[in-house]
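Student: I would like to learn how to read a structural model feature by feature. Could we take the general idea each time, and then the case at hand?

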Amino acid sequence: MAHHMSSSDHDPNSDASKARLYNPYQDLQVPMRNLYQLPTSPEFLFVEEARRQRRSWGENLTFYTGCSYLAGAIGGGTTGLVSGVRSFEAGDTTKLRINRVLNSSGHTGRVWGNRLGVIGLIYAGMESGIQAVRDTDDVLNSIAAGLTTGAVYRAARGVRSAAVAGAVGGVLVGVAVTGKQALKRYVPI
């Protein structure tokens, strides 16, 4: 059965439109501004969490793994793009060329992203573990985490490879930390 619309359904001056609107906050004895003025500072459940000035191990894990994977995927995708363009042959159609580029950049991006994501995962775990053991947050934690990350990542290839990778990891992290400190000091942001 169809609903018949009367002229009062659309007329803003009719008696039906002068009805009181529903206010879900009318029975609350709280001023309206208290409902919407939320604090801007972080809220913590425990006082110990509020006192510390560093990210938790879970936040580190998420941050380093995600950033590493993203950087690897972008770098690998770019390398795959170049490789795909270089593999063009004279008789290729446009569709075949696009397919080569997409396959090459997708495969290389995945491989690089996974490798760097694992390195970020190991680094986050090492840095958080060293922070927990030393109970400080300084540059030495980062450098030690870089050393151990490189060594653990290449440990399956032998002692020499692990030592070289550990040294490279420590140097890279040292350069990154030094660059970050210089950037904070000399670049007004």
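Tutor: Let us begin with a definition: the expected span of a helix is 1.5 Å times one less than its number of residues. Please keep in mind throughout that this is a predicted model.

Student: What is the overall make-up of the chain, in helices and strands?

Tutor: The chain has six helices and zero strands, so that, read from the N terminus, its elements run α-α-α-α-α-α. Of its 189 residues, 20% count as buried.

Student: How far apart are the end C-alpha atoms of helix H4, and what span should its residues give?

Tutor: Helix H4 covers residues 94–134, and because its 41 residues should span 60 Å at 1.5 Å a residue, the 58 Å between its end C-alpha atoms agrees with the expectation. Gly125 is found in helix H4, and with a relative accessible area of 43% Gly125 is partly exposed, since that class lies between the cut-offs of 20% for buried and 50% for exposed. The C-alpha atoms of Gly125 and Tyr64 are separated by 9.7 Å, although the two residues are 61 places apart along the chain.

Student: What sign does phi have in Asp135, just after H4?

Tutor: The general idea is that most residues other than glycine have a negative phi. Asp135, which is found in the loop between H4 and H5, takes a positive phi near 60° although it is not a glycine. Asp135 is also exposed, because its relative accessible area is 58% and the cut-off for that class is over 50%.

Student: How is empty space found, and how much of it lies in the largest pocket?

Tutor: In general, rolling a probe the size of a water molecule over the atoms shows where empty space is left. Here, the largest pocket holds about 1,100 Å³ of space. Its lining has 34 residues, of which Tyr64, Tyr123, Ser142, Val173 and Ala176 are the closest to the centre. Helices H3 (57–86), H4, H5 (139–153) and H6 each give two or more residues to this lining, and H6 gives the most, with nine.

Student: Which residues form a nonpolar patch on the surface?

Tutor: Leu183, Tyr186, Val187 and Ile189 form such a patch, and together they have about 500 Å² of accessible area. Ile189 is found in the segment after helix H6 (159–186), and Ile189 counts as exposed because its relative accessibility is 93%.

How values were computed: Residues are numbered from 1 along each chain as its sequence is written. This is a predicted model: local features need pLDDT of at least 70, side-chain atom pairs count only at pLDDT 80 or more; totals for chains, interfaces and linings use all residues. Side-chain values use heavy atoms; hydrogens and water are left out. Patches are made of residues with over 30% relative accessible area and no salt bridge: like charges are joined within 9 Å, nonpolar side chains (Val, Leu, Ile, Met, Phe, Trp, Tyr) within 5 Å. Accessible areas come from the Shrake-Rupley method with a 1.4 Å probe; for residues, only the protein chains shown count as cover. A salt bridge is a side-chain nitrogen of Lys or Arg within 4 Å of a carboxyl oxygen of Asp or Glu. Helices (H or I, at least four residues) and strands (E, at least two) are DSSP runs, numbered from the N terminus. Buried means under 20% relative accessible area, exposed over 50%, partly exposed in between (1.4 Å probe, protein chains only). On a 1 Å grid over the protein atoms alone, a cavity is a set of points where a 1.4 Å probe fits but cannot get out, and a pocket is an open set with protein on both sides within 12 Å along at least five of seven lines; lining residues have an atom within 4 Å of a point. Grid points are joined across faces, edges and corners, and a volume is the space filled by probe spheres set on the points.
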